[in-house]
Amino acid sequence: MDQHGHESVMDNLGILVIDCQNDFCEGGSLAVPHAERAIAQINALRRVVPRDKVSLVVTTADYHPPRHVSFAATHGDAVAPFTTIQVPARRSDDAEVQRPAHEQILWPQHCVAGTKGADLHPALELDGAELLFHKGVEEHVDAYSAFFDNTRTLHTGLHDVLSSHKVTRLVCVGIATDVCVYETVKHALELGYQVLVVTECCAAVSEENARAALADMQARGAIVVPDANALVQTI
Ligand SMILES: [Zn+2]
């Protein structure tokens, strides 16, 4: 609250640090170019935006069972990573919902729950108050977005967590610009958040796809800024 009893403009700000995990960094099974540079920029952003001005910081982590649907190896030796398969319709693991058939890109095995590859990268500076949020935990469906599974059938629960902290504006950073950041931003916009994306704090699987993804995020209403200093001027 300020002296007039209004909430400070930053009181409702959340930061979503997406998938800054060992397997997505150099030496990992699904290394993304310049991931460490993005992590260094996220650290810089955290220093520029004071912690007491932020309602909640969430670190997300891709966190898969060993035979996850998104792993090429799950589908046999003849199936190569980076091909696309059709996943048949089936009930969720808790049998509560029916998920539709959908396409899934296959990846090398990555971010298996409980392994070092799934840990947050040690260069990511944390203050201990962040909430760690696992996604992609169900065996038969992937979750690029931190808000929904890839069939958009079930909420992950993140929206409830952010709402309970009164977060209405969300800074999205992390890995990868063209995959999990992109899908998370689209869903955040759909859910009514004001979304800010800081490009230097993101790293892309494909630079070409990232350019298209960022343009689409902007077209859908996201505010895209180059770096932490530009972000501070915006908020
Ligand atoms: Zn994954």
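**Exercise 1. Determine which elements the buried residues of helix 3 pack against, and how far helix 3 is enclosed.**

Solution. The buried residues of helix 3 pack against strand 1, strand 8, strand 9 and helix 4. Contact here requires C-beta atoms, placed from the backbone, within 7 Å. Helices (H or I, at least four residues) and strands (E, at least two) are DSSP runs numbered from the N terminus. The model is predicted: local features need pLDDT of at least 70 and side-chain atom pairs pLDDT 80 or more, whereas totals for chains, interfaces and linings use all residues. Residues are numbered from 1 along each chain as its sequence is written.

Next, consider burial. A residue is buried if 20 or more other C-beta atoms lie within 10 Å of its own, exposed if 12 or fewer, and partly exposed in between. Of the 14 residues of helix 3, 12 are buried, so helix 3 is largely enclosed by the rest of the structure. Among them are Val179, Val181 and His187. After helix 3 comes Gly192, with a positive phi near 100 degrees.

**Exercise 2. Describe how helix 3 and helix 4 are arranged.**

Solution. First, the axes of the two helices come within 9 Å and cross at roughly 10 degrees; axes are lines fitted to C-alpha atoms over the stretch in contact, with angles from 0 to 180 degrees between N-to-C directions. Helix 3 and helix 4 are therefore roughly parallel to each other, a description used for angles under 35 degrees.

Second, the residues that meet are Thr177, Asp178, Tyr182 and Val185 in helix 3 and Asn209, Ala210, Ala213, Leu214 and Met217 in helix 4. By class, this contact has 6 nonpolar, 2 polar and 1 charged residues. Ala, Val, Leu, Ile, Met, Phe, Trp, Tyr, Cys and Pro count as nonpolar, Asp, Glu, Lys and Arg as charged, and the others as polar.

**Exercise 3. Identify the residues with the most contacts inside the largest nonpolar core.**

Solution. A nonpolar core is a set of buried Ala, Val, Leu, Ile, Met, Phe, Trp, Tyr and Cys residues joined through C-beta atoms within 7 Å. The largest has 59 residues, and Val171, Cys172, Val173, Ile175 and Val198 have the most contacts inside it. Elements giving two or more residues include strand 8 (169–175) and helix 3 (177–190); strand 9 gives the most, with 7 residues. Leaving aside residues up to four places away in sequence, Val173 touches Val17, Ile18, Ile42, Leu45, Val198, Cys201 and Cys202.

Technical notes
Two residues are in contact if their C-beta atoms, placed from the backbone, lie within 7 Å. Angles under 35 degrees count as roughly parallel, over 145 as roughly antiparallel, 65 to 115 as roughly perpendicular and the rest as oblique.
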